[in-house]
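Student: Got a minute to go through this one with me? I'd like to get a feel for the fold before I dig into details.

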Amino acid sequence: MMVKKNNLLLGFIVIFISFFTYSGYYAGLGILLEVLGNSASRLYSIPVRLLYCVFCLIFIFYMSAIYFKINFKVKKNIVFLFCSTVLFLLYLFFQYLINVNGNITTDKSYEVAFYLVAYAIFPFLFYSVINYNKYKKMITYVSIISGFVLGVISIVLYHDILGGSVGRISALRYEGVDNFISPLALSYSASLTMTLSIFYWLNSQPKKIMKIFLSFCVAVSLFVFLLGASRGSLLTIFACFLIYFVTFNIKKLIMGASAFISLILVAYYAASYSGSSIFERFLNLEDAYSNNDSSVTGRLDIWREAISLIKSSPIVGGNFEANHIYPHNIFLESLMSTGIFPFLIFLFITVYGVVLSIHAYIRDKEYLPFVLLTHGVVMGLFSGSLYTSILYFVGLGLVISYFNYINRESISF
């Protein structure tokens with residue numbers, strides 16, 4: 001009876017964490033912003049993230065106790081990857097707290113440290129210790145469902161935007177509206193949902209009813225994708241499907257290429273019909289730079305400032321903001337925040353994690369770690385901060401849990 005209760009509790013925790021890791025979190029935020037406005041966002045975000053951390057902590061303690069009880073053995077290379085990531089995160093955490101160069105905006109040091117705990121440390125630990133064999137389907141299903149929920153809510157809230165003069169939801173700011181979900185969050189949530197849905201379809205044998213549901217997921221996520229109109233999210237789709245062009249399996253290559261081309265063509269014509277600017281923004285980067293588009297030139301200015309800060313303190317780092325904001329590139333941010341030696345650890349973590357995720361997919365069709373880590377890495381190149389790179393650290397955690405549980409089907413906890 002106790003085992004059954006424990007399994008129910010763990011199952012509930014996995015569902016909650018999987019739902020609120022990314023898309024589901026923004027679904028709830030969208031409703032709150034519509035009802036109470038932008039000023040009330042913390043009434044939602046802080047309690048949800050605190051509850052998220054509590055559930056992660058419960059799960060981590062329980063799984064750790066199980067590991068010690070059954071003398072669970074972990075592969076040396078995975079132990080090394082895990083320990084390297086933990087050491088990097090802890091070092092970064094204390095760097096934030098100390099704020100040695102006073103580079104973080106006043107009174108934000110502890111806030112940034114909390115973000116690192118809630119968006120990186122706990123998610124990484126949770127997905128690292130999870131029983132991959134037991135929960136991979138649940139994580140996949142809930143992640144796709146959370147994207148579907150975000151899509152439905154977005155259609156309800158923002159259905160009158162596309163088709164008009166607004167090519168991207170952020171343009172509403174020019175009309176005095178600010179109570180909407182970040183376009184980056186919308187775009188990356190949509191690309192994640194679409195990619196997961198298609199990869200699940202290609203690598204499993206879903207029943208007809210599931211295929212219908214997956215089609216709906218892709219359709220509603222396409223609306224969200226066009227609404228956010230982020231260039232980076234388009235690159236995540238390219239990066240994920242690129243895996244099919246390094247495989248020697250002709251059948252996989254044809255299936256993957258067909259799915260990718262179909263998705264891009266549908267998205268392109270849908271963008272043309274709806275007035276979304278996503279492809280226009282992607283294909284006209286040179287014009288955007290020439291016209292001093294802040295989404296391009298502003299990011300380049302931040303990167304130049306980040307490089308300048310790196311040169312000023314290459315060994316110990318200690319700089320966290322460039323032009324009073326995170327540098328919109330987690331590699332530059334890591335180098336300027338932690339210095340050269342922790343940065344090399346971070347680089348190793350990323351490269352080795354990506355290599356392992358590719359290996360897992362090509363060999364065993366395990367697409368979940370690959371898709372999430374690819375989204376985290378590509379998104380980290382252009383958007384977001386290191387301390388909120390939740391998809392990156394979730395993907396890394398899933399790589400570790402997958403390789404821990406290869407050929408361990410008999411373990412049922």
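Tutor: Sure, let's go from the overall make-up to the core and then the surface. Keep in mind that this is a predicted model.

Student: OK, how many helices and strands are there in the protein?

Tutor: The count is 17 helices and 0 strands.

Student: And what share of the residues counts as buried?

Tutor: 56% of the 413 residues do. As for contacts between residues at least 6 apart in sequence, 76% of them join residues at least 24 apart.

Student: Which residues have the most contacts inside the largest nonpolar core?

Tutor: Those are Phe59, Tyr96 and Phe199, in a core of 130 residues. Helix H5, residues 109-129, gives the most to this core, with 13 residues.

Student: Let's stay with Tyr96. What does it touch, leaving out residues up to four places away in sequence?

Tutor: Its partners include Ser109, Val112, Ala113 and Leu116. Tyr96 also touches Ile104, Phe320, Glu333, Leu386 and Tyr387.

Student: Switching to the outside: how much accessible surface does the protein have?

Tutor: About 18700 Å², and 67% of that belongs to carbon and sulfur atoms.

Student: Which residues make the nonpolar surface patch?

Tutor: Ile315, Val316, Phe341, Leu344, Leu347, Val351 and Val355 make a patch of about 640 Å². One of them, Leu347, sits in helix H15, which spans residues 340-364.

Student: Why does Leu347 count as partly exposed?

Tutor: Because its relative accessibility is 33%, and partly exposed covers the range between the 20% and 50% cut-offs.

Note on methods. Residues are numbered from 1 along each chain as its sequence is written. This is a predicted model: local features need pLDDT of at least 70, side-chain atom pairs count only at pLDDT 80 or more; totals for chains, interfaces and linings use all residues. Side-chain values use heavy atoms; hydrogens and water are left out. Patches are made of residues with over 30% relative accessible area and no salt bridge: like charges are joined within 9 Å, nonpolar side chains (Val, Leu, Ile, Met, Phe, Trp, Tyr) within 5 Å. Accessible areas come from the Shrake-Rupley method with a 1.4 Å probe; for residues, only the protein chains shown count as cover. A salt bridge is a side-chain nitrogen of Lys or Arg within 4 Å of a carboxyl oxygen of Asp or Glu. Helices (H or I, at least four residues) and strands (E, at least two) are DSSP runs, numbered from the N terminus. Buried means under 20% relative accessible area, exposed over 50%, partly exposed in between (1.4 Å probe, protein chains only). A nonpolar core is a set of buried Ala, Val, Leu, Ile, Met, Phe, Trp, Tyr and Cys residues joined through side-chain atoms within 4.5 Å. Contact means heavy atoms within 4.5 Å.
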